[in-house]
Amino acid sequence: MVAFGLGVAVAANAQTVLKVGWTNTVESHYGVALTTFNDEIIKRTNGRYKLQLFPSGALGGEREMLEAVQLGTQDMVMTSTGPVGNFVPETRIVDIPFLFRDYDHARKVLDGPIGQDILTKFPAKGLIAISWMENGFRHVSNNKKQVKVPEDLKGMKIRTMENKVHMEAFKAMGALPTPMNMNELFTALQTGTVDGQENPVPVILASKLYTVQKYVALTGHVYSPALLIVSTSLWNKLSDADKAAFKESAKAAQVANRKKVIEDDTNGIEFMRKAGVEVLTQVDKSQFQKAVASAYITYNKEFGEANIKKIMDIQ
Ligand code: EAX
């Protein structure tokens, strides 16, 4: 007996199919997380729960999917923190550029008390964040010229996520930040509506952005966390044992996700070069860090200098 997530399961062994959406492919760092989650949840619930996968923005952009999960018309979403701050402002602090030194630092903070505390802020907004996931360190790409120093960004129309923390930073670096949902990005780059964009290598590969960009500079200007979020209506229906099964499945999904991010970061540079992209690997990040200093005035006001320092000081 099969019941779709939004319906009511009748027989004890009835299977509930859950709709999950995300903005890139099944083969991507998000896709491997969700296929792993699916395998695990089927196993841990003896097939009573399984996912129906909607990749590549089939259910809309990340903000739209978050709204659908909030309404309960969609069961789950894997999303970057891009638009999440518009729903749960407490997440915005992890979007600050140059907040995290490297992957270990970021993962330690998100898996630790600070990151776990942020997850407790979601239920009040009608969302259940069951686990941090990873998008990767973001880099700038464009079709105008190679970005060696912040001055090269002056006047460049750079697509950003719908994220005011990121927009603040690009404004500070002299670029013209253009917020846009991921589903529109490929065409906007192809047609020149925007000159460039910024994303982790896994996204540039999975969404084939390297086919419509000439230059990629590994600026690593911000660590981009992601989240696995379920609807409150689904979560409240789960038994404690099933809630535990969801959490355990998310742990396995997180391992697969983080492993794929490192693989893509490692293999993606050569892949993009073979595809004809000019990839600049030696970037003096300190210059970009200096260039966003004025944005930190706003961040210190919004998040508190001490809170930002607390994250930066975690070893
Ligand atoms: O989460 O919108 C973005 O640039 C994100 O990095 C992408 O949707 C993956």
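**A walk from the surface to the ligand**

Lys 208 is partly exposed, with a relative accessible area of 47%. Hi everyone, that is where I would like to start today. Before we go on, please keep in mind that this is a predicted model.

So where along the chain is Lys 208? Lys 208 lies in the loop that runs between α7 and β9. Its backbone deserves a look too, since Lys 208 has a positive phi of about 55° although it is not a glycine. As background, most residues other than glycine have a negative phi.

Which other residue has a positive phi without being glycine? Asn 46 does, with phi near 50°. You will find Asn 46 in the loop between α1, residues 29-44, and β3, residues 49-54. Is Asn 46 buried or exposed? Asn 46 is exposed, because its relative accessible area is 70% and the cut-off for exposed is over 50%.

Let's stay at the outside for one more stop. Gln 315 comes in the segment after α12, which covers residues 305-312. At 64% relative accessibility, Gln 315 counts as exposed. How far apart are the C-alpha atoms of Gln 315 and Asn 86? They are separated by 29 Å, and along the chain these two are 229 residues apart.

Now come inside with me. Gln 213 belongs to the loop between α7, residues 201-206, and β9, residues 215-231. Is Gln 213 buried or exposed? With 5% relative accessibility, Gln 213 is counted as buried, because buried means under 20%. What does the side chain of Gln 213 touch? A polar contact of 2.6 Å joins it to the side chain of Ser 141. In addition, a polar atom of the Gln 213 side chain lies 3.1 Å from the backbone nitrogen of Asn 142.

Moving along, Ser 231 is in strand β9. Ser 231 counts as buried, at 0% relative accessibility. Between Ser 231 and Val 20 there are 10 Å in space, C-alpha to C-alpha, while in sequence they are 211 residues apart.

Leu 110 is our next residue, in helix α3, residues 103-111. Leu 110 is buried as well, with a relative accessible area of 0%. From Leu 110 to Glu 198 you go 88 residues in sequence and 22 Å in space, C-alpha to C-alpha.

That brings us to the ligand. Where does the ligand sit? The ligand is in the largest cavity. Around it you can pick out Thr 23, Asn 24, Tyr 30, Glu 62, Ser 80, Asn 135, Arg 138, Arg 159, Met 161, Met 182 and Asn 199. How does this shell divide by residue type? Three are nonpolar, five polar and three charged.

Have a look at the oxygen atoms of the ligand. One of them lies 2.7 Å from a polar side-chain atom of Tyr 30. For Asn 135, a polar side-chain atom lies 2.9 Å from an oxygen atom of the ligand. With Arg 159, an N or O atom of the side chain is 2.7 Å from a ligand oxygen. How much of the ligand's accessible area does the protein cover? On its own the ligand has 260 Å² of accessible area, and the protein covers 99% of that.

To wrap up, we began with the partly exposed Lys 208 and finished at a ligand in the largest cavity. Thanks for listening!

Technical notes. Residues numbered from 1 in each chain as written. Predicted model: local features only at pLDDT ≥ 70, side-chain atom pairs only at ≥ 80, totals over all residues. Heavy atoms only, no water. Near = heavy atom within 4 Å. Polar contact = N/O pair within 3.5 Å; in protein donor to acceptor, adjacent residues only side chain to side chain. Areas by Shrake-Rupley, 256 points an atom, 1.4 Å probe, with all protein chains shown as cover. 1 Å grid on protein atoms, 1.4 Å probe; cavity = no way out; pocket = protein on both sides within 12 Å on 5 of 7 lines; lining within 4 Å. Sits in = over half its atoms within 2 Å of the grid points. Nonpolar A, V, L, I, M, F, W, Y, C, P; charged D, E, K, R; others polar. Helix = DSSP H or I, 4+ residues; strand = E, 2+ residues; numbered from the N terminus. Buried < 20%, exposed > 50% of the residue type's maximum accessible area, 1.4 Å probe, protein only.
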